[in-house]
Structures are given as structure tokens and as C-alpha cells.
Amino acid sequence: MKWEGNRESDNVEDRRGDSGGGGGGGFSFGGRSIGLGTVAVALVASYFLGINPLTVLSMLSGGGGPVPVQQQAPAHKPSPDDQMARFVSTVLADTEDTWGQLFAANGSQYVRPRLVLFSGRTQTACGTGQSAMGPFYCPADQKVYIDLAFYDLMKQRFKVSGNFAQAYVIAHEVGHHVQHLLGISEKVEAARRNSTEKQANAMSVRLELQADCFAGVWAYHANEARHIIEAGDIDAALNAASAIGDDALQRQARGEVVPDSFTHGTSAQRVSWFKRGITEGKVSACNTFAAKQL
């Protein structure tokens, strides 16, 4: 992926090393939690067993509206010498440029999200974010959160590497921000509250697959404008999408697959919708809620 020398976003907040953010984090391997308390274990289960981590956060905070956020240290920017921070800043800038143009073409204004780098745990308007959750988006504060150690997990556990695969992760979370701006995620959450667990999970799958498709839409336009994609990049992103399908994660964690518990979609579905977005480059191509077959 060609990214060096491109614009870097100013909307990156570096909380790594903050007293309120570090410590207590970790990951779960083979069902064994490492350095995690009860809450973190629940979040690990949510990530690897196919439960929406924001749903877990909502349950832990009692549900309802945004969670009061504890006072954070003043936000500061990453060091200009931090290569990985520069990379995610550049990817975020690319999503800002792409979605800004797409929204403007439809007579709307794109509100740029902030991207928060943290280590271990950090406070969000959706509750306490944990490294064990993997990257996530909080609509209550319109921020994308990521512990960059997740990229090491991608390499070690899922055998997925490469800058474009890493960019896909950020683009997927930004896709959730786009859903929030369009009012899609709020409608889905309202519908889920009045549904059975099976129905709610099915709606979550469509929401996640649409975010995958939106990530593909970003990639299409970013490449058209800035020629960022190199040989092997798309395969790397597809490998990432495949590795984090519900069926792949459940088979790895449980040894069996329970389709009714899916919340993100199968590997094949995630690959299919990302490919649709990157092939067609149209938001209208990502209407997973109208699709009879995913």
C-alpha cells in the first residue's frame, strides 16, 4: 500500500501511556485469559465468540444512553517519529478525504471522527474500552478506538499482515461512523431492542457487513484518486475479512459453529461485501438490509 507522503489527519488523539488508560489489558488465547479482570474476560469472549462488544459495554453500564466519561488527561498528538501512528493518521486522512467528497456530492457535510490510540484500557462515552475488544467505534462520542497491539494479534493469531489489511480495519470502523451519520446504526439499535436475540443478531450481521462494504467503497475511491493499492493488497484485505468471520472465529475458539449467534457475518459474507464495495465504489451497492441473500 502506497501511503507515505500522503496527508496525515489532525484528528488523532494519543492516549498511550496515560495514567487512566494503561494497565489491565490483554488478550485471550485458546480460551485462556491473560492479565484480564472479569470485565475484560467478557469483552474477550465478545470479540472471539461473536458478540458485539458495544452490546457488552452497554450491558455492563446498565444500558441506555451514553456513559459518563471520566476526566482524561489533555489530548496530545502522536510523535512524528512514530511510524505506525503516522500510518493510521494517513489512513484516517484518506477516509476523511474520500467520505468528505462522497457526502458533498450528495449535498451533505461529512463530520470527521477522531481516532484514539490507547493501550490497555481507556474511557469512552460508551463505557470503558479494552484492548481485548479489538478496534471499535463509539457513536456517543464519534470516535474510533484502537490499541495498535491489535495489529500484532492479527499477525500472530490470524496470520494476516500488510498495510492494506491494517487499513481495512480502520476503514471498517469508519464505516460504522458513516452509518451513524446516516442514521442507520441508530435505527438498527432501536429495532434490535424490540426483537428476539436471533433477530437482533441477524440485524447486527447486516450492519457489520455494510461497514465492510463501506470499507470497500473507501478503498475504491482512494485508489482512483491517489493510487494507493499495490499488488497483493486486495488479497491481504480479503484475508483479513475472512479471518475475522464469525464462523472462523467460533471454529477457532469453540471448535464448532453456531450460526444463530453470528453478529458480524461469515468469512465468505465479509469477503463478498468488501469486494462489492471495492468493485462498485457506490454507497448504494452496500444496502445489506435490502439484500435477500447475504
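**Figure 1. Cys126 and Cys138 form a disulfide in this predicted model, with their sulfur atoms 2.1 Å apart.** Cys126 sits in the loop between β5 and β6 while Cys138 belongs to strand β7, so this pair ties together parts that are 12 residues apart in sequence. Have a look at the torsion about the S-S bond: it is about 95°, so the disulfide is right-handed. Are the two cysteines buried or exposed? Cys126 has 13% relative accessibility and counts as buried, because the cut-off is under 20%. Cys138 counts as buried too, at 0% relative accessibility.

**Figure 2. Strands β5 and β6 are joined by a hairpin.** Here we stay with the loop that holds Cys126, between β5 and β6. The hairpin connects the two strands through two residues. Strand β5 covers residues 121-124 and strand β6 covers residues 127-130; the two run antiparallel and are joined by four bridges. If you would like one pair to zoom in on, try Thr122, whose bridge partner in β6 is Gly129.

**Figure 3. Four strands make up an open sheet with mixed pairing.** Reading across the sheet, the strand order is β1-β4-β8-β7. At the edges are β1 (12-14) and β7 (136-138), each of which pairs on one side only. From one strand to the next, the twist averages 25°. Edge strand β7 may look familiar, as Cys138 of the disulfide in the opening view lies in it.

**Figure 4. Strands β1 and β4 run parallel, and helix α3 lies across them.** Three bridges join β1 to β4, the latter made of residues 114-117. Which residue of β4 is the bridge partner of Glu13? That partner is Val116. Helix α3 spans residues 83-105 and runs at about 165° to β4.

**Figure 5. A disulfide links Cys213 and Cys286.** The sulfur atoms of this pair are 2.0 Å apart. Cys213 is part of helix α7 (residues 197-226), whereas Cys286 lies in the segment after α10 (267-280), so the bond ties together parts that are 73 residues apart in sequence. With a torsion of about -70° about the S-S bond of Cys213 and Cys286, the disulfide is left-handed. Cys213 is buried, its relative accessible area being 0%, and Cys286 also counts as buried at 0% relative accessibility. A search of the whole structure finds two disulfides. Counting bonded cysteines along the chain, their pattern is 1-2, 3-4.

**Figure 6. Helices α5 and α10 pack at an angle of about 90°.** Helix α5 runs over residues 163-181, and the axes of α5 and α10 are 14 Å apart. How are the two helices set relative to each other? They are roughly perpendicular, because the angle of about 90° falls in the 65 to 115 range. From α5, the residues Phe164, Tyr168 and His172 meet Arg270, Phe274 and Ile278 of α10.

**Figure 7. Residues 21-71 have a pLDDT below 50.** Across the protein, the mean pLDDT is 78, and 73% of the residues reach 70 or more. Beyond near neighbours in sequence, the stretch 21-71 has 102 contacts in the model. A friendly word of caution for this view: where pLDDT is low, the predicted coordinates should not be read in detail.

Key. Residues are numbered from 1 along each chain as its sequence is written. This is a predicted model: local features need pLDDT of at least 70, side-chain atom pairs count only at pLDDT 80 or more; totals for chains, interfaces and linings use all residues. Side-chain values use heavy atoms; hydrogens and water are left out. Two strands pair if DSSP finds at least two bridges between them. Axes are lines fitted to C-alpha atoms, for helices over the stretch in contact, and angles run from 0 to 180 degrees between N-to-C directions. Contact means heavy atoms within 4.5 Å. A disulfide is a pair of cysteine sulfur atoms within 2.5 Å. Buried means under 20% relative accessible area, exposed over 50%, partly exposed in between (1.4 Å probe, protein chains only). pLDDT is the predictor's confidence in each residue, from 0 to 100. Angles under 35 degrees count as roughly parallel, over 145 as roughly antiparallel, 65 to 115 as roughly perpendicular and the rest as oblique.
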